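This report goes through one structure part by part. It takes up the domains, the contact between them, the ligand site and some backbone details.

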Amino acid sequence: MDYQNTLTFAAEQDEQDVLKDFRNRFLIPKHHGQDAIYLCGNSLGLQPKSSAQYIADQMKTWEKLAVEGWFQGDDPWLEYHKPLSSSIAKIVGANENEVAVMNSLTVNLHLLMISFYKPSGNRFKIVMEGGAFPSDQYAVESQVKFHGFDPKDAVIEIFPRDGELTLRTEDILNIINQHADELALVLFSGINYYTGQFFDLQAITRAAHRAGAYAGFDLAHAAGNVPLKLHEWGADFACWCSYKYMNSGPGGISGIFVHEKHFADTEMNRFAGWWGYRADKRFLMAPGFDPAIGADGWQVSTSPILLLALFKASMAIFDEVGGIDILRNKSVALTGYLEFLINEINKRRGDEAFKIITPTDSDARGGQLSVVCTKNAKAIFKYLADNGVIGDWREPDVIRLSPVPLYNSFTDVYKAVKHLSEALEAVK
Ligand SMILES: *Cc1c(COP(=O)(O)O)cnc(C)c1O
């Protein structure tokens, strides 16, 4: 796309935007009475206006039916999660029975590692990206220790080459190959939270399988942001949260993917609970765990209906959009515009006040750009906040900006970068 550095251009793009009406479905925080410029959907997506009603409906069911709400009413709680599997399966590229909506993200990562990290003999190592989200690092370290290994021996982290900021796929694949005899698991994020790099998950999956290891993914920054084909790629498992790009509220419900090729393996370790029991017999309350076939068999606890209600409000919007590709088209254009405008600042000044560490190739990133402020970083971030631009800060000098196609506009992006440019003058 031929971008232009004018408000008129941005407004024209907004006018032609097929998703433009969706912005009005969300509650946009205010700054001095005006819509703030919210570029923080990578951290917490905005609240759909419909969410409150979804919650209110369930409060009403609880009020009117109390315990009978599990079995009666328009939308009995026992089945409440079912249609959600169908919506989320489309978003992550899975069959409906390969996904389950449950728990929170790090909890799910632990549960899945119980099934898919099975060290035996020489095969006890895990390859992961260096600088993974801290919760994932802690989860992996504690799992490794739980099996009696020292993380120093068992966890292989891959870092960028000297002088480079992101990982090369060839390096990832090489390291997997090099350790082929000792690998139990390759665990990557879909999109690295810090750099915004979108990894080649298909290539990683293939390499992991060639090495005789499982491939699992944490899709916190990828689900609802970029197209995914977990089933087709043959990934063994994945998990994600829904409060980032899927707008289901702070601490919103997570989800898991388990590839159907594993459903027949009845020996697989799993930390079981009654909600994973086959649904037709769950209430016989019999001894001996008989899991539901499919990802549902990994469920542990009673469905948290209020969290599911928030997720349902969000999924209704995604369903209405009619496909992640439609979101992705706008996302690529919006993020490209953000990149173009930031580079314009550097060009005009003849320096590199802002250095984008996210890959320039749109296939290797999602909506987020991570911007290093080479001078006065903290003060620039504060200037943005004082002027109603909400991004987020990562130590020591990175501002993450994530235009989200459901509710951000080209005008948002234009104005945000205008403030960024002004900040350079203002905080000198
Ligand atoms: C956001 C995020 C988390 C957060 O996990 P919670 O259990 O929801 O607190 C974990 N891992 C990654 C990669 C994330 O981006």
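## Two domains and a ligand site

The domain assignment divides the protein chain into domain 1, made of 7-35 + 323-426, and domain 2, which covers 55-321. The model is a predicted one. Taken over C-alpha atoms, the centres of domain 1 and domain 2 are 29 Å apart.

### Where the domains meet

In the contact between the two domains, 31 residues belong to domain 1 and 21 residues to domain 2. About 2200 Å² is buried between domain 1 and domain 2, and 62% of this area is on carbon and sulfur atoms. On the side of domain 1, I324, I357 and Q368 supply 23% of the area buried against domain 2, more than any other three residues.

Polar and charged groups also take part. Between domain 1 and domain 2 there are 8 residue pairs in polar contact, counted with both residues at pLDDT 80 or more. The number of salt bridges between the two domains is 1. A salt bridge joins the side chains of R25 and E320, with 2.5 Å from N to O.

Which elements give two or more residues to the side of domain 1 that touches domain 2? They are α11 (324-349) and β17 (398-401). The element that gives the most to this side is α11, with 6 residues. Sorted by class, the side of domain 1 that touches domain 2 holds 14 nonpolar, 8 polar and 9 charged residues.

### Around the ligand

The residues around the ligand are L105, T106, F133, D136, D218, A220, H221, Y243 and K244. For T106, D218 and Y243, among them, the table gives a distance from a polar side-chain atom to an atom of the ligand.

| Residue | Ligand atom | Distance |
|---|---|---|
| T106 | oxygen | 2.6 Å |
| D218 | nitrogen | 3.1 Å |
| Y243 | oxygen | 2.5 Å |

### Backbone details

Most residues other than glycine have a negative phi, and most peptide bonds are trans. Two places in this model depart from that pattern, one in the peptide bond and one in phi.

The peptide bond that runs from E395 to P396 is cis, and its omega is near 0 degrees. P396 sits in the loop between β16 (392-394) and β17.

N247, a residue other than glycine, has a positive phi, near 55 degrees. The loop that holds N247 lies between β11 (237-240) and β12 (255-258).

Methods:
Residues are numbered from 1 along each chain as its sequence is written. This is a predicted model: local features need pLDDT of at least 70, side-chain atom pairs count only at pLDDT 80 or more; totals for chains, interfaces and linings use all residues. Side-chain values use heavy atoms; hydrogens and water are left out. Domain bounds come from an automatic or database domain assignment. Contact means heavy atoms within 4.5 Å. Buried area is the accessible area (1.4 Å probe) that two parts lose on being put together, summed over both. A salt bridge is a side-chain nitrogen of Lys or Arg within 4 Å of a carboxyl oxygen of Asp or Glu. A polar contact is a pair of N or O atoms within 3.5 Å; within protein, one must be able to donate a hydrogen and the other to accept it, and residues adjacent in sequence count only if both atoms are side-chain atoms. Helices (H or I, at least four residues) and strands (E, at least two) are DSSP runs, numbered from the N terminus. Ala, Val, Leu, Ile, Met, Phe, Trp, Tyr, Cys and Pro count as nonpolar, Asp, Glu, Lys and Arg as charged, and the others, Gly among them, as polar. A residue is near a molecule or strand if one of its heavy atoms lies within 4 Å of it.
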